[in-house]
Structure formats: structure tokens, C-alpha cells
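Biologist: Please give me a close look at the charged pairs of this model, with attention to where the partners sit and what surrounds them. I should like a single connected account that I can follow on the structure.

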Amino acid sequence: MRHGLKFYRSCIQEAWRGSWDIANAWPPTVGLLALYAGARLAGFTMRLPGDAERSVPAMAVLFVATAWLAVFLVRLVAAPPRIVAALEARLPAPVLPSALHLRLHGSAPEAGAVDAVGDVLPPARVFLARATNRGDALLQRCQLFFGTPTNIQVVSAPFDLAPGAHRDLAVLRTGTGIDAGADDPHALVYFLDRETWKVAQGQAAWLPDPGRFKVTALSADTTAAALEVDLSSETAEWTLAEAPATGVDTAPTAAKTGRQRLAWMKAGRTPTAEGFAPAND
């Protein structure tokens, strides 16, 4: 009760201070005085009982007092939401718990995988990332992303994680050549069909160059988890390993001089002045 009385006292004080503000008081005051002047010009006589000579200024004072009372009441009604908004603005923004944990989880050979229409995907080695819920609440609609600061691609369907649960998800596939007879090492980031969340037919980004990339896990129920990774081709078989954050952007571009033809070949795209476009466009 004491806190309630203190809150309403603050509302009255705020309304009182605001009612003396000229910017708030002059519109109703001028309006009432104009109404009073208009009534006199129209022949309506408004006077207080008693001396007629003192009635006119008394009526003017009464109109001003009425205008002030109107401003005070309006300010009083509007004071609670203004005070609550001011209090909320001073409170620190809520910090979502950092419950989502992300780590690379090795690799495995993949053969016989199919896309959304049933076509068999090329054999590859799949690198996995493990997303873990280390909090005590359900994390809903989590998704995994892979890319550079300028090119980010979703690589998983939405999924939920119960407290303590984890999910291993493919973030990158590596192999040799996309077309028959090609022997260039490459890494593939497949585009997903947004209805089935399976690999879309004939759609993949070819990353011909190793370098620094980022894996990110998002959920509306917690803060994002991000992991910088290094794609390396120092050996015959490409590897993907976690890399410490350096604060320096070392991510490779999608295509480099002399290798632009490799960037989006799986998607059937050809280079244009602006970048790459579908060959059938």
C-alpha cells in the first residue's frame, strides 16, 4: 500500500508540475478566454452575483482557473503511463541466457544422400557441428548458418532443443570435382528447399578456396552462438577445424582472380558484370 501511495503521489506531483508549464496551459486558457469573449460579443451576459464592475475580471479569473484545472486533470490521467515508461527506460535491458553451445563434431563419409526431388547427391565428406542446449529451458526453432560476413547460408531445418539435448548437423561437405572427370578439390554449401528443408535440386555453392568461415546457431530464446572455423587444404583431404577469433577478417571471397568460374557452378550459374546469375535467366 505504501508503494502504491508513493506512486500516486508521484503522479500528482508530475501533473502539478506539468499543469504550470506554459506550453501545456496556454491552449485551453486561450480557448476558454476566446469562448468568453465570443459569448460577450454575441450578447450573452455572464457575471457573478454582486458588483457588476467586478464581475468581468472575476469571470476571467474563473475561466483561467477552469482551464488550469482541465490541464491538471488531463496531466493526472496521463501521468501513470508516462511514469511507468520512464521507469522502464531506466531499467537495464533484459539479457537472454547464453544457453546455446556450438562446437565442431568431426566428420563422416556420406554416400547415397538425396535432394528434395530424390536425385542422388555426389559422395562427400560431411563436417558436423553439434548444437547443445546447456540451459534449463526449451530452445525453439534453432537454425544453423554457415558463411562469411557478406554471404550467409542457412544449412539446417528449424529444430527444438530440450534442456541438456544436442543435435549434430551437417555444415559443410568436401569432395573432388562436381562434374564427371573434374579433379579440383572443393567444399559445398547446399541450399535448402524452404518447404521440405531438404537439399534443393541442383543448388549448391562451391567454395574452391580454403580460408576462414563462421558457423552460427540462432534461436529466439537465447543469444546466438558463433564459431569461427578454418577450411584447410594442406593435405590431399580437406579439413575443417575450429579457429580462435582474431578480430581480423580473414574470410575468403566467393571467387578469386582466375577461379571465378568455380564459384556457383553446381547451381548452373554463369558470371555476369554484377556477379553470378542462373544460366537459364
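**Charged pairs and their surroundings**

Modeller: With a relative accessibility of 18%, Glu 110 counts as buried, because the limit for that class is under 20%. The model is a predicted one, and the values that follow are computed from it.

The partner of Glu 110 is Arg 173: their side chains form a salt bridge with 2.8 Å between N and O. Distant parts of the chain are linked by this pair, for Arg 173 belongs to strand S6 (residues 166-176) and Glu 110 to strand S1, 63 residues apart. Arg 173 is also buried, its relative accessible area being 13%. As a general matter, side chains of opposite charge can pair when their charged atoms come close.

How many salt bridges does a search of the whole structure find? The search gives five. Another of them joins the side chains of Arg 103 and Glu 242, at 3.7 Å from N to O. Arg 103 is in strand S1 (residues 100-110) and Glu 242 in strand S11 (residues 239-242), so this bridge ties together parts that lie 139 residues apart in sequence. Are these two partners buried, partly exposed or exposed? Arg 103 has a relative accessibility of 39% and is partly exposed; Glu 242, at 37%, is likewise partly exposed. Both values fall in the class between 20% and 50%, which explains the assignment.

A further salt bridge connects Arg 212 with Glu 228, whose closest N and O atoms are 2.7 Å apart. Strand S9 (residues 211-218) holds Arg 212 and strand S10 (residues 225-232) holds Glu 228, so the parts tied together here are 16 residues apart in sequence. Arg 212 and Glu 228 are both buried. Asp 230 joins them in a network of salt bridges, which thus links Arg 212, Glu 228 and Asp 230.

The strands that carry these charges also border on nonpolar regions. In general, nonpolar side chains in soluble globular proteins tend to be buried together. Here the largest nonpolar core has 31 residues, and those with the most contacts inside it are Leu 102, Leu 144, Phe 146, Val 171, Leu 172 and Val 215. A separate core of eight residues lies apart from it and includes Leu 121, Leu 192, Val 199 and Trp 206. With sequence neighbours up to four places away left aside, the contacts of Leu 144 include Leu 102, Ala 129, Leu 169, Val 171 and Val 215.

Strand S1, which contributes Glu 110 to one pair, runs antiparallel to S2 and is joined to it by nine bridges. One position along S2 is Ala 129, which stands opposite Leu 104. Of the 10 residues in strand S2 (residues 124-133), seven are buried, so S2 is largely enclosed by the rest of the structure.

A polar residue in strand S3 (residues 139-148) is Gln 143. Is Gln 143 buried or exposed? Gln 143 is buried, at 15% relative accessible area, because its value is under the 20% limit. The side chain of Gln 143 reaches the backbone oxygen of Ser 156 at 3.1 Å. Beyond four places in sequence, the residues in contact with Gln 143 include Val 154, Pro 158, Phe 159, Trp 197 and Leu 218.

Two residues in this account have an uncommon backbone sign. Most residues other than glycine have a negative phi. Arg 141 nevertheless has a positive phi, near 50°. Arg 141 is found in strand S3 and, at 60% relative accessibility, is exposed. Trp 197, one of the contacts of Gln 143, has a positive phi of about 60° although it is not a glycine. The place of Trp 197 is the loop between strand S7 (185-192) and strand S8 (199-207), and its relative accessibility of 23% makes it partly exposed.

To return to the charged pairs: Arg 173 meets Glu 110 at 2.8 Å, Arg 103 meets Glu 242 at 3.7 Å, and Arg 212 meets Glu 228 at 2.7 Å.

Key. Residues are numbered from 1 along each chain as its sequence is written. This is a predicted model: local features need pLDDT of at least 70, side-chain atom pairs count only at pLDDT 80 or more; totals for chains, interfaces and linings use all residues. Side-chain values use heavy atoms; hydrogens and water are left out. Helices (H or I, at least four residues) and strands (E, at least two) are DSSP runs, numbered from the N terminus. Buried means under 20% relative accessible area, exposed over 50%, partly exposed in between (1.4 Å probe, protein chains only). A polar contact is a pair of N or O atoms within 3.5 Å; within protein, one must be able to donate a hydrogen and the other to accept it, and residues adjacent in sequence count only if both atoms are side-chain atoms. Contact means heavy atoms within 4.5 Å. A salt bridge is a side-chain nitrogen of Lys or Arg within 4 Å of a carboxyl oxygen of Asp or Glu. A nonpolar core is a set of buried Ala, Val, Leu, Ile, Met, Phe, Trp, Tyr and Cys residues joined through side-chain atoms within 4.5 Å. Two strands pair if DSSP finds at least two bridges between them.
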